[in-house]
Structure formats: structure tokens, C-alpha cells
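Thanks for coming, everyone. Let me walk you through this one briskly. Please take a look at the screen.

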Amino acid sequence: MKSLEDAASPKDGIVCRSPALIEAINRLDRVAATDTTVLLTGETGTGKELMARALHRRSRRATRPLLAVNLAALPESLVASELFGHEQGAFTGATQRRIGRFESADRSTLFLDEVAELSPDMQVALLRVVQDGEFERLGASQTRRVDVRLVVATNRNLEDAVDEGRFRSDLYYRLSVFPIHLPPLRERREDIAPLAEFFLKRLTDRLGRQFAGIEAESMARLNAFSWPGNIRQLQNVVEHSAILCDDDMLRVPPVLMIEKGGSPKTTSRLDATLQTNEQQLIEQALEETDGRVSGPSGAAARLGVPPSTLESKIKRFKIDKLRYRLTRP
């Protein structure tokens, strides 16, 4: 494990080492400079809004702020007003004119999260804006035109929603011109360790304390977990653990990562996986350090554990340190 000081500074806040996410980033880079509508798909917590913001920063509209709306968080009765605005007196409670998000995002980017939650009527209204760039505020007769780059996201399968009649096919084809899928964290395990280190490093200022790293056993536990809540869950686990931790090496309580429907058998399988991952981490560190255990550039420092602890684990796993010294040029 790398120390926190060695942790890579992710571009646009995105930690990316796994091939699956690298492919998504490459697609983002290709489409960023265009005005094409982008559909981001993936499970909850996979970083869709982070990707939308990265896309905006790489676009020609980056000089203007990105606007974001979580459609699932809005009552259905307020969605039209939020997106298109309203005139004073347009409905009960409309005591003054309101500028909607589309109007505010003119010549910029609008990110609509959870687009699958739109009602049929709002799907029709959105289709018109996507096709023609036109809309009216509620209670107004004047048609307004806007130049908005649209990025939408969903954690649902829109094709299934179309087949089931819950989502308009014409709107789906307008939104899915350039889809980018974000893989769940369990399919990009190469990113778990650097993500955990990144989150811990960010906590330094917030918590007002320094951390030297993450202990090897805890890192193995993080690598073995399935992460149903994806990146957001990992971030919460790291923060929770940091608050509870009394020393400079982060230890992650196992109780924070209980698999859904966990049982003694599940726990046994997890323990076996943890041991396998821990051995792999140790062997990788030894390979990277030519078999050295102690010292500032030794395997113990890389893993964030005392040399005596690492030596005992090397004996327990019956790892031959000399093998790594002999196989390196």
C-alpha cells in the first residue's frame, strides 16, 4: 500500500486505474468538446455527477457554471417550475417570477440526474427542449430559446423502461446519442485502494489530524468487500473509521462492512478472501522493494505497518523474501 503522501492526485477528482473506468474516461474525452447530449448510466454512488462536472470542465462551455438538478428529489408538482420557471401568479404560491434551470443554463451545461423518474407529461416537455431548444415558463405565452448542453444520468435501465411503456422511446433516442457507462466499484477493484487513500487524505483538513496510511488488514478488508453502495459507501466507511480511529494508522471496523444477508458462512468466506488479499498485498510490496522489509523505502513503510508486524505476517504466510531479491535485475 502506498503512503498517503504518495497517493496520486486524481484528475477532476476521479481516481482511475481500472480498464473499465479508463474506457469511460476516454469516451468522455472524445465527446467533451462537442455539444452532443450525453447519457451517463450506472448504479447509485458510481460518480455520475462527478463525471458530468468533469465533462463540463473539458468543454467549450467551461467558463460558465454547470447547473445540476436531481429530478428524484423534487416533488412531481415542482419539476416543471424548476426546469422551465414560472410567471408571477402562474399557480397558487407563485408570488414572483422564477427563472428555470434551462434558462439559467443558457450557453452552459445542464445536468439532469435520475431522468428516468420524469412523469409522462414532463417527458414530452423535455423532448421539446432537446429537439428544438424551446420552452415556455409556466403561466407565460412567450416561447424562449436556449443553447444548453444536456447531460443526463440514471441508475435504471432505460431500454427496459421503454419496453415497459414507462419511458418515451423518442426521448430515449434523443438522450442516448452518446452513452457512457460507469462500472460499479466491485468491477473496478484496482481503484479501491487509491480511492480510500484519496478520501483519507482529504479528511486531514476536515478532521484536523494527520494519518500515515491505512493498515494492511483494513486495506485487505476494503479490497474484499462487494460495495453495494459503491464509491459513496466507501467514502462513508473511510470517514466513519477515521472519526473512530485513535492513532495515525486508519483501522476499519469490520462491522462497517457487513454484506447484505451476511451469515457465518459469508463471514468465513470473507475472512479467507481477506487473508488471500493480504498475502497478495505483502508479496506485491516485497516485489516493489526488492524484498526489503525495513527502512523508509521498505515494504513495511509501503504497507503502513511496523516492520516487526510485517515480519510475523511473512512467516505466517510462508513468504520467501529472498525470492524477490534474486528475481530483480
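One term before we start: two strands count as paired if DSSP finds at least two bridges between them. Keep in mind, too, that this is a predicted model.

Now an example. Strand 5, residues 109–113, pairs with strand 8, residues 149–154. The sense is parallel, over 4 bridges. Which residue of strand 8 is the bridge partner of L112? That partner is V152.

Zoom out to the sheet. This is an open sheet of 5 strands, in the order 2-5-8-1-9, with parallel pairing. Which strands sit at the edges? Strand 2, at 67–70, and strand 9, at 178–181. Each of those pairs on one side only. On average, neighbouring strands of this sheet are turned by 20° against each other, direction ignored.

Next, the largest pocket. About 500 Å³ of space lies inside. Its lining has 23 residues. Nearest the centre are G45, T46, G47, L50 and I231. Which elements give two or more residues to this lining? Helix 2 (48–57), helix 8 (192–207) and helix 10 (230–244). By class, the lining has 10 nonpolar, 6 polar and 7 charged residues.

Last stop: helix 9, residues 216–224. Here a cut-off helps: buried means under 20% relative accessible area. In this helix, 8 of the 9 residues are buried, so helix 9 is largely enclosed by the rest of the structure. The buried ones are A216, S218, M219, A220, R221, L222, N223 and A224.

That's the tour. Over to you.

Conventions: Residues numbered from 1 in each chain as written. Predicted model: local features only at pLDDT ≥ 70, side-chain atom pairs only at ≥ 80, totals over all residues. Heavy atoms only, no water. 1 Å grid on protein atoms, 1.4 Å probe; cavity = no way out; pocket = protein on both sides within 12 Å on 5 of 7 lines; lining within 4 Å. Points joined across faces, edges and corners; volume = space filled by probe spheres on them. Nonpolar A, V, L, I, M, F, W, Y, C, P; charged D, E, K, R; others polar. Axes fitted to C-alpha atoms, helices over the stretch in contact; angles between N-to-C directions. Buried < 20%, exposed > 50% of the residue type's maximum accessible area, 1.4 Å probe, protein only.
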